[in-house]
Amino acid sequence: MTDTSLLKHAPQIGAEAIALLEQLSNASGVSGDEGAVRALVLEQVRPLADSARVDALGNVIAFKAGTQGDARPKVMLAAHMDEVGLMISADDGDGLFQFQVVGGIDARQLAGKAVLVGKARIPGVIGARAIHLTSPEERRNTIPLSTLRIDVGPGEAASRVEPGDRAAFATRFRHSGPSLMGKALDNRLGVATLIELLRAAPENIDLTCVFTTQEEIGLRGAGAAAYSVQPDFAIAVDSTPANDLPAWDGTENARYNTRLGYGPAIYSYDRGTISDPRLVRWLARTGEEYGIPFQMRQPGGGGTDAGAIHQQRAGVPSVSVSVPGRYPHTAILLARLEDWQNTVRLLWVALRAMPEGLLAEE
Amino acid sequence: MGDLVPYLKELLSLPGLSGHEAPVMDVVRRAWAPLSDEQRVSRMGSLEALRKGRGDPEQDAGASRPRPSILLAAHMDAIGMMVTAVVDGWLSFTQIGGVDPRVLPGQPVLVHGREPLPGIVVQGPDFLAPEDVHGRPHPLERLWVDVGRTAEETARLVRPGDLISYDTQPAELSGELISGHTLDNRASVAAVTHCLEILSRRIHDADVWAVATVQEEVSFGGGYTSAFGIRPDLAIAIDVCQAQGPGTSEAHIPHLGRGAVVGKGPNIHPYIQRALVRVAEEMEIPFLSRGMAAHSGTDAYPMQVTAGGIPTGVISIPLRYMHTPVEVVSLKDIRRVGRLLAEFITRLDRAFVDNITWDDEP
Amino acid sequence: MKDLIEKFTQAVGPTGYEDAVRALVRAEAQPFADEIREDGLGNLIVRKGMLREGGKRIMLAGHMDELGVMVTHVDANGFVRFTTLGYVYRQMMVGSRVRFLNGAYGVIGVEPSTDSERVPRWDTYFIDVGARSRETCPVRTGDVGNFDRPLQELGTRLVSKAMDDRIAVAIMVAALKELKDTPNEVYFVFTVQEEVGLRGAKVAAYSVDPEIGLAIDVTDTGDTPKCETMDVALGGGPAIKVMDSYLVTNPRLVRWMERAAQKIGVPYQYEILTAGGTDAGAINETRAGAPSICLSIPTRYIHSPSEMVDYNDVLNAVRLLVELVSSPVVLE
């Protein structure tokens, strides 16, 4: 019989945690330029961890030793700090700048968006030809990326923008009813989750929380971090699409990936990783035994930092758990507070009540 | 560097396709041997030359901290082709690295069979092909190499797996430009050589590993393995980048002859990027900055994520007509890259390495 | 040898779920191994011999995993939607039989298409497991299966599912049994997750840290009607890989294999594969580098449920492999 009283000790997502998520969501952190997010993370984790350092890739590696027993498993949790965004590529003059996309953004998501350019967060907009000037034929096609510009206005601001600067969506975070809305919730939700877990670090494990860089452009940070950390096993904590919208023809949507409100998504297989089946069983069993809602993410495409982590050195058993979110890789993502809460709860309870010999079973 | 042109022409006249770099390595080794203290060949076949740090008597007296070390990676391998079958004296072939089949018909090539055989890439008459390709380029699989021997002789001298290299002679163009096949990336090998020559007249703290890497064009194999074997404090990839020329219009592409290109982006550590810019400005070495949104397309890509991560920089030489047999670069740019590297290395000390951080924060 | 081939090809081990194959290999290899271990991803690492004068540390790699399916959704009527583990040709799917690890069995069907010329989209395929509703369906999201197909002998040709790469597993086990004395430290590594990107071999190579890598895997042939030009034929002998999408073989290793084949009179062919790769590509770039090559078994209809090899090529591959690892390695 499982003692579910443990649940009472799991971290609760309250107003403070949501306020931190808001700060994280609003900060700019386009892949390779995660500085502003890193600063927030360091400020949070330094008082919580035994040690926290920044490595050559810009990952934050925070370690907290457990206190229980003397052969504690070494667990690595990874959440990426970076977000998809834009990079200035050339100056057209008059405050207009050409740009490239960093990470996977559908070109149909860009026109008509406000952005913030560079560390100085210079406001800019991505406009589009007015409807009056377009033909019906033209309106059937995607506005080509090559015609879009970031407009910061002429003069002083433009002189502070240069090629290589990143731009992020200017969306402000909102908490509305049961939902959270904001840019970069993929994966600031994961970042915030790791901070909450570090705050309530289970004493039976040696926990390393890694806040990784450059996930969106090829899982670049996580691999190097896992090489240094050398954990016994790893969990990537991320955000995954909830494509739970109706199909055009009214038939059953069989390709939702995940569904909002069904709890954390456990991965068995994505393009980058076949999760260690023992870890999948462990997480699912924890959910079932403690009555924490969870869903199996539909196997197939996509990927997380686990893809890089599990191939380090002699191999690191890995699994991923994500908070489902609608409309990722756009200016605004929508997630449910309840799913986030259950993600934190599932991970914490699973770690705290981790069975001995988890990786010994076949 | 008075003898840049003959040295470069010698480099350009040799094959050394990816995975088969031995012919060009001998020439590089001859140039680097007098400029370095040790040379070795890695298991992969990369040439690794160490020029030891000099000066700073404290270091020489066996101080507790090792000298700073820097790895300069310039790949020496070339794109080319490989025989896949010998059919009645005709050679069918595939590519090694990225070859545009549209520039192949009519190219003089060298087939490296039991003896070197001059040959021509040929495209058959349209009437032998299906109608949908009439007047259009024939795909690679339908091109042949004709070595002008009898079918029997060809079958005796050539077999599947034999290499085919471009046989175009290098040419000096007006305005200090040089043309030839494999300027990608022998131009950078020449720039590193130039750097070592300057360093041979300087005092520098840092141990300098000049590495002529292999297999960049197919898998970045040399970059991964030499960085792992050497494990330097920092690494710089020297490679070519696209230059403005006929057929290019993108504003972010740099012009030939206007200086070294210093890369900025996620594949580049910002501390190193800023230091390179600072040195270039201080020494009045013409340079351009260029944003690289994700993959730099150079050995910096593998080196950055080697082991626990290595801070990397990217310096490029603008080049027209990439991967054709008539690539063009400016000799001035080659010298500038060599100078910039040498000036950077001269200033490199332990304190620089200790201070490499991602952000401006303490 | 045929018994080994049947045993290994018929075992169920979709990529990432190789447990059953690993257990079979372990049982066969145990009596002949000097050391046997498993790593974090499930590679089985079997050592034979200790490094002696003139010897090298050699890693052999044959992958245990095969193509498979994983359930993504069960619809209201009990039909199973799925994704594949590894690359499967859609045009070979309809009518294929699927065996799930939990014992459930099904057949693949497809929604009708309006365009008979084109191969239907992935998400129009489904598995019928005989269920009538979501509630009575014996599988659920995340469950794993493989393609079921028996071994058949057609003269000297052998056909089965999972020849890729259980034929190598059989060859390696046979070679292990024959290998008596060697100056080399030979690691027979039965790898996992090759079909999804050479993942097992990469981490196994990190821990074995070999001086030379030698993968054994299948390769395409150019001897079927109107196929792409390729100078490899079934029955022409094992093939020496010169290049593929992940590897340009070090020329000294090509010569090493040529000389060994010539010495024992085994016919051989040269392989240049323009699309695809093997574990050798991953071992090659491990740590500071481990020059690698692949001994390829000519195979028709790769990545279909009916992969065909020639028995003589297989026997010759065993002989060649034993010769390669039992003598001092000379690279020149």
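These exercises walk through a predicted model, each with a worked solution.

**Exercise 1. State the confidence scores of the model and of chain C.**

Step 1. Start with the whole model. It scores ipTM 0.90 and pTM 0.92.

Step 2. Turn to chain C. Its mean pLDDT is 95. A pLDDT of 70 or more is reached by 100% of its residues.

**Exercise 2. Describe the make-up and overall dimensions of chain A, then decide whether its radius of gyration fits a compact globule.**

Step 1. List the elements. Chain A holds 9 helices and 17 strands.

Step 2. Take the box along the principal axes. The C-alpha atoms of chain A fill roughly 70 × 50 × 40 Å.

Step 3. Set the expectation. A compact globule of 362 residues would have a radius of gyration near 21 Å.

Step 4. Compare. Chain A has 21 Å, so the value agrees.

**Exercise 3. Do likewise for chain B, using its radius of gyration.**

Step 1. Chain B has 10 helices and 17 strands.

Step 2. Its radius of gyration is 22 Å, and the globule rule gives 21 Å for 362 residues. The two values are close, so chain B is as compact as a globular protein of that length.

Step 3. Add the span. The C-alpha trace of chain B covers about 75 × 40 × 40 Å along its principal axes.

**Exercise 4. Analyse the side of chain B that touches chain A: which strand gives the most, and how do the residues divide by class?**

Step 1. Set out the contact. Chain B brings 21 residues and chain A brings 27 residues.

Step 2. Find the leading element on the chain B side. Strand β15 (residues 287-291) of chain B gives the most, with 3 residues.

Step 3. Sort this side by class. It has 9 nonpolar, 8 polar and 4 charged residues.

**Exercise 5. Analyse the side of chain C that touches chain A: which element gives the most, and how do the residues divide by class?**

Step 1. Set out the contact. Here 25 residues of chain C meet 19 residues of chain A.

Step 2. Pick out elements of chain C that supply at least two residues each. They are β4 (68-74), β5 (80-85) and α4 (199-208).

Step 3. Name the leader. α4(C) gives the most, with 5 residues.

Step 4. Sort this side by class. It divides into 8 nonpolar, 10 polar and 7 charged residues.

**Exercise 6. Work out how helices α5 and α7 of chain C are arranged.**

Step 1. Recall the approach. Two packed helices are described by the angle and the distance between their axes.

Step 2. Read both values. The axes of α5 (residues 251-264) and α7 (residues 311-326) of chain C come within 9 Å and cross at roughly 115 degrees.

Step 3. Classify the angle. That makes α5(C) roughly perpendicular to α7(C). Their crossing is right-handed.

Step 4. Identify the residues. From α5(C) come C:Met257, C:Ala260, C:Ala261, C:Lys263 and C:Ile264. They meet C:Arg319, C:Leu320, C:Glu323 and C:Leu324 of α7(C).

Step 5. Count by class. This contact has 6 nonpolar, no polar and 3 charged residues.

**Exercise 7. Helix α3 of chain C packs with α1(C) and with α2(C). Find the orientation in each pair.**

Step 1. Begin with α1 (residues 2-10) and α3 (residues 163-178) of chain C. Their angle is about 135 degrees, with the axes 9 Å apart. The two helices are therefore oblique to each other. The crossing is right-handed.

Step 2. Look at the α1(C) side. C:Leu4, C:Ile5, C:Phe8 and C:Thr9 meet residues of α3(C), including C:Ile167 and C:Val173. By class, the contact has 9 nonpolar, 1 polar and 1 charged residues.

Step 3. Move to α2 (residues 19-29) of chain C. Its axis and that of α3(C) come within 10 Å and cross at roughly 15 degrees. That makes α2(C) roughly parallel to α3(C).

Step 4. Identify the residues. C:Val25, C:Glu28 and C:Ala29 of α2(C) contact C:Val169, C:Val173 and C:Leu176 of α3(C). They divide into 5 nonpolar, no polar and 1 charged.

**Exercise 8. Place the cis peptide bonds that end at B:Asn185 and C:Asp165.**

Step 1. In chain B, the bond from B:Asp184 to B:Asn185 is cis, with omega near 20 degrees. B:Asn185 lies in helix α5 (residues 183-199) of chain B.

Step 2. In chain C, the bond from C:Asp164 to C:Asp165 is cis, with omega near 10 degrees. C:Asp165 belongs to helix α3 of chain C.

Conventions. Residues are numbered from 1 along each chain as its sequence is written. Chains are lettered from A and ligands numbered from 1 in the order in which they are written. This is a predicted model: local features need pLDDT of at least 70, side-chain atom pairs count only at pLDDT 80 or more; totals for chains, interfaces and linings use all residues. Axes are lines fitted to C-alpha atoms, for helices over the stretch in contact, and angles run from 0 to 180 degrees between N-to-C directions. Helices (H or I, at least four residues) and strands (E, at least two) are DSSP runs, numbered from the N terminus. Angles under 35 degrees count as roughly parallel, over 145 as roughly antiparallel, 65 to 115 as roughly perpendicular and the rest as oblique. A crossing is left-handed if the near helix is turned anticlockwise from the far one by less than a right angle, and right-handed if clockwise. Two residues are in contact if their C-beta atoms, placed from the backbone, lie within 7 Å. Ala, Val, Leu, Ile, Met, Phe, Trp, Tyr, Cys and Pro count as nonpolar, Asp, Glu, Lys and Arg as charged, and the others, Gly among them, as polar. pLDDT is the predictor's confidence in each residue, from 0 to 100. The radius of gyration is taken over C-alpha atoms; the globule rule is 2.2 Å times the number of residues to the power 0.38.
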